[in-house]
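Okay, thanks everyone, let's get going. I'd like to talk about charged side chains today, so have a look at this one with me.

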Amino acid sequence: MTKDERVKKILSLLDKKYGKEQICFLNYKKDYELLFATILAAQSKDARVNEVTKVLFKRCKKLDDYINIDINELEEIIKPCGFFKMKAKNIINTASVLKEKFNGKVPSDIDELVKLKGVGRKTANVIRSNIFKLPSIVCDTHVIRTSNLLGLASTKDPVKLEKALEKVIPVSHWSRLNPQLMTLGRTYCDAKKKNCNECFLNKTCSYYEKLKNNN
C-alpha cells in the first residue's frame with residue numbers, strides 16, 4: 001500500500017467511524033469565550049476546562065468583565081486548569097487587546113491571533129476552524145501522537161507536523177482531523193496504553209504493522 005493509499009484509507013475509516021461533522025470539545029457561546037477556553041486548555045483536559053468555564057462565563061458576561069475582574073478572583077476561578085497565574089494574566093491582557101485593537105471582536109488572521117498572550121498556532125487554528133470555518137489543522141498532543149503512529153507524518157514538532165499534514169491531507173478534511181484523532185487517541189491510542197488489536201485502523205497503521213513484524 002502506497003502512502004497516498006494509506007492516507008486515503010485512514011481518512012475514509014475515520015469518517016465512517018466518527019462522522020464528517022466538525023466537533024469542538026470546549027463549550028462556549030461567544031467567540032471570545034472559545035478563545036479564553038483554549039487559553040485555559042493548555043496543559044489541561046477539556047472536561048476540566050468546561051467545568052471551570054461554567055463558573056467563569058457566569059461571572060464574566062461581557063468582555064469588560066474580563067478586563068475589570070480582580071486578578072486574584074480570576075486566578076481562584078481558573079485554578080483547577082493549572083498554570084493559573086500566567087493564564088489569568090493572559091486572559092485579562094487578551095481581553096484588553098480585543099477591545100482596544102479589534103473593537104471587541106476575535107480576529108481571524110492567524111498572524112494577529114498568535115500575537116495575543118497565551119495563543120499559539122494550536123489555539124489560533126481552533127479559533128479559525130470553529131469560529132470562522134477556515135480549513136485548519138490543530139496539532140494537539142493526540143494529533144501529534146496518533147498521526148506519527150499511523151504513519152501520516154514523522155515529526156513531533158507541532159508546527160512542522162501541521163505543515164507536513166497539510167501536504168498529505170485534503171483541505172476538505174483539515175478541520176475535522178483534530179476531533180477525529182483526539183477521539184482515536186482517547187479510546188484506542190492512549191499515550192499509556194494502546195488498544196491496537198481492537199482498533200479499526202490497525203490494518204492501515206504503520207505502528208501496528210511494525211508491531212506485528214517484530215513478533
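**Charges, paired and unpaired**

Let's begin with Glu75, which is buried, at a relative accessible area of 9%. Before I go on, keep in mind that this is a predicted model. So who does Glu75 meet in a salt bridge? That would be Lys85, with 3.4 Å from N to O. Glu75 sits in helix α5, residues 71–78, and Lys85 in helix α6, residues 84–102, with the two positions ten residues apart in sequence. Lys85 itself is partly exposed, at a relative accessible area of 48%.

Next pair: Arg121 and Glu162 form a salt bridge, and their closest N and O atoms are 2.7 Å apart. Arg121 belongs to helix α8 (residues 121–130) and Glu162 to helix α10 (residues 158–168), so this salt bridge ties together parts that are 41 residues apart in sequence. On exposure, Glu162 is buried, with a relative accessible area of 4%, while Arg121 is partly exposed at 27%.

Then there's Arg176 with Asp15, another salt bridge, where the closest N and O atoms are 2.9 Å apart. Here the two residues are 161 apart along the chain: Arg176 is in helix α11, residues 174–187, and Asp15 is in helix α1. Buried or exposed, these two? Both Arg176 and Asp15 are buried. If you search the whole structure, you get nine salt bridges, and I'm just showing you some of them.

Okay, now the odd one. Arg145, in helix α9 (residues 141–150), is buried, with a relative accessible area of 17%. And yet Arg145 has no salt bridge. Which side chain of opposite charge is nearest to Arg145? It's Asp190, 5.4 Å away. The cut-off for a salt bridge is 4 Å between a side-chain nitrogen and a carboxyl oxygen. Setting aside neighbours within four places in sequence, Arg145 is in contact with Gly185, Cys189, Asp190 and Ala191. So Asp190 does turn up in that contact list, just without a salt bridge to Arg145. And if you want a distance along the backbone, Arg145 and Pro158 are 13 residues apart in sequence and 11 Å apart in space, C-alpha to C-alpha.

Last stop, the surface. Lys9, Lys16, Lys203 and Lys212 gather there in a patch of positive charge. One of them, Lys16, is in helix α1, residues 3–18, and is exposed, with a relative accessible area of 72%.

That's my tour, happy to discuss.

Key. Residues are numbered from 1 along each chain as its sequence is written. This is a predicted model: local features need pLDDT of at least 70, side-chain atom pairs count only at pLDDT 80 or more; totals for chains, interfaces and linings use all residues. Side-chain values use heavy atoms; hydrogens and water are left out. Patches are made of residues with over 30% relative accessible area and no salt bridge: like charges are joined within 9 Å, nonpolar side chains (Val, Leu, Ile, Met, Phe, Trp, Tyr) within 5 Å. Accessible areas come from the Shrake-Rupley method with a 1.4 Å probe; for residues, only the protein chains shown count as cover. Lys and Arg count as positive and Asp and Glu as negative; His and the chain ends are not counted. The place of a charge is taken as NZ of Lys, CZ of Arg, CG of Asp or CD of Glu. Helices (H or I, at least four residues) and strands (E, at least two) are DSSP runs, numbered from the N terminus. Buried means under 20% relative accessible area, exposed over 50%, partly exposed in between (1.4 Å probe, protein chains only). Contact means heavy atoms within 4.5 Å.
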